[in-house]
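Welcome, and please open your viewer. We will start with the whole chain and then select one place after another.

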Amino acid sequence: MMPAEAILRLEVLPASRLSSLAADERSGVLGGACFSHPALPLGTADLPLLAVDMVLPPGEEAICEVWHTAEPLESGQHGTIRYRQGETLLFGCVSLDEVAGDARPPLQATTEAAYQSIFELLEARGYHALRFWNYFPAINQESHHKERYRQFNIGRQDAFLAHGRSVIGNVPAACALGSAGGGLHIAFLAARAHVTSVENPRQVSAYHYPSQYGPRSPTFSRAGLVKLGGRDMLFISGTASIVGHQTLHHGDVATQTRECLHNIAAIVAEANRRAPGADFRLDNLAYKVYVRQPGHLVTVRREMAQFIGDPVSVIYLQADVCRADLLVEIEASGGHAIGPG
Ligand code: 3EB
């Protein structure tokens, strides 16, 4: 008998293979994101695939993260959001130019509008946000007397507040990285299931960061835990070399990488405590690693191998991280199937 297709599967594949996905494979694609420099015209308007301008390691091809599901799917559009939904899962993406409409910085206004529109969609269809991926250029640059990451945080939090959502506690997992160009890009995964936020006992919750990091704390949890198709799945937010609320190991990428991995290990332990049957382990997660300086890649790869061994899936990208003193950020997910179908 053929094994039943998993309710959620992550496949990492070269962008060049996207166009040759067979019709039966395409029908099961929930959505995803492709990374290349410059961003590729994907020619997949029927699927919510985000095209992000991000630099890959030397010699590496444009790469896509594609989420597949066994659920029958339908595509749709809500304003500028492209999405695809099944009975229990929804994936959406939106790419917007930053436009000034009023006195607010354009990035802040665009972020708030994008999140408001996403929340409208999720509320109308009864899905809970599980994981957001946020990408926009010049994340550490200042404009309108404020760092752009801080502008983003204000816009995001205002959208949560406008929709009567809590900005502490049960908030979605996320990451926010600097892209090499383009506008504001957001992808999100949502489920018709209860989502549990997981925090890291080694870190102050990001939504409680003190105001020295910005007038509004970032609205994200350290991880989201959800049970889908009888399986526990874990979505770990972008994780950096932060203990308490402080950046550790300034200028030392090897130690920062190890601190990231200690933090991920702590989140995994916390998730296993909440979902005792799950058995999340560092070596059965799929990783995405964002390295600020291309010259640090060799060191980060070595530290990853030393700490984890041979993880089932890793993507390396070059991106600016949301604090100028952070050299590396690592995200991960597990519990879903990983690899080609
Ligand atoms: C940190 O822990 C590092 O603003 O959505 C990690 C994950 C970070 C998500 C976000 C930011 C975000 O504060 C930065």
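What percentage of the 341 residues of the chain count as buried? The share is 60%, where buried means under 20% relative accessible area, exposed means over 50%, and partly exposed lies in between (1.4 Å probe, protein chains only).

Before you click further, note that this is a predicted model in which local features need pLDDT of at least 70 and side-chain atom pairs count only at pLDDT 80 or more, while totals for chains, interfaces and linings use all residues. Residues are numbered from 1 along each chain as its sequence is written, and side-chain values use heavy atoms, with hydrogens and water left out.

**Stop 1: the whole chain**

Show the chain as a cartoon. You should find five helices and 21 strands; these are DSSP runs numbered from the N terminus, with helices being H or I of at least four residues and strands being E of at least two. Along the principal axes, the C-alpha trace spans about 60 × 50 × 40 Å. The radius of gyration is 18 Å, which agrees with the value near 20 Å for a compact globule of 341 residues; it is taken over C-alpha atoms, and the globule rule is 2.2 Å times the number of residues to the power 0.38.

Now switch on a surface. About 13,200 Å² of the chain is exposed, and carbon and sulfur atoms supply 53% of that area. The areas come from the Shrake-Rupley method with a 1.4 Å probe, and for residues only the protein chains shown count as cover.

For contacts (heavy atoms within 4.5 Å), consider pairs at least 6 apart in sequence: 75% of them join residues at least 24 apart.

**Stop 2: helix α3**

Select residues 148-162, which form helix α3. Why does the length of this helix agree with expectation? At 1.5 Å a residue, its 15 residues should span 21 Å, and the end C-alpha atoms are 21 Å apart. The expected span is 1.5 Å times one less than the number of residues.

Colour α3 by accessibility and you will see that it is mostly covered, with twelve of its 15 residues buried. Among them are R148, Y149, F152, R156, D158 and F160. To see what the buried residues pack against, add α2 (106-125), β8 (128-137), β9 (142-143), β10 (146-147) and β11 (173-179).

Just after α3, zoom in on G164, which takes a positive phi of about 65°. Then move along to G169, in the loop between α3 and β11. G169 is partly exposed, with a relative accessible area of 28%. Leaving aside neighbours within four places in sequence, G169 is in contact with S197 and Y207. Try a distance label too: G169 and V198 are 29 residues apart in sequence and 9.0 Å apart in space, C-alpha to C-alpha.

**Stop 3: helix α2 and the loop after β8**

Next, select α2. Its 20 residues should span 28 Å at 1.5 Å a residue, which agrees with the 29 Å between its end C-alpha atoms. This helix is mostly covered, with 14 of its 20 residues buried. G126 follows α2 and has a positive phi near 75°.

Go on to the loop between β8 and β9, where you will find A138. A138 is a residue other than glycine with a positive phi, near 55°, and its 23% relative accessibility makes it partly exposed. Q141 is also placed in the loop between β8 and β9. Beyond its neighbours within four places in sequence, Q141 is in contact with K146, E147 and R148.

**Stop 4: a cis peptide and another positive phi**

Which two residues does a cis peptide bond join? Select H37 and P38, where omega is about -5°. P38 is in the loop between β2 (29-36) and β3 (49-53).

Then jump to H249, in the loop between β17 (246-247) and α4 (253-274). Although not a glycine, H249 has a positive phi of about 65°. It is partly exposed, with a relative accessible area of 25%.

**Stop 5: D232**

Finish in strand β15 (residues 231-239), where D232 is placed. Is D232 buried or exposed? At 17% relative accessibility, D232 counts as buried. Apart from neighbours within four places in sequence, its contacts are V226, K227, A275, A278, F280, G334 and G335.
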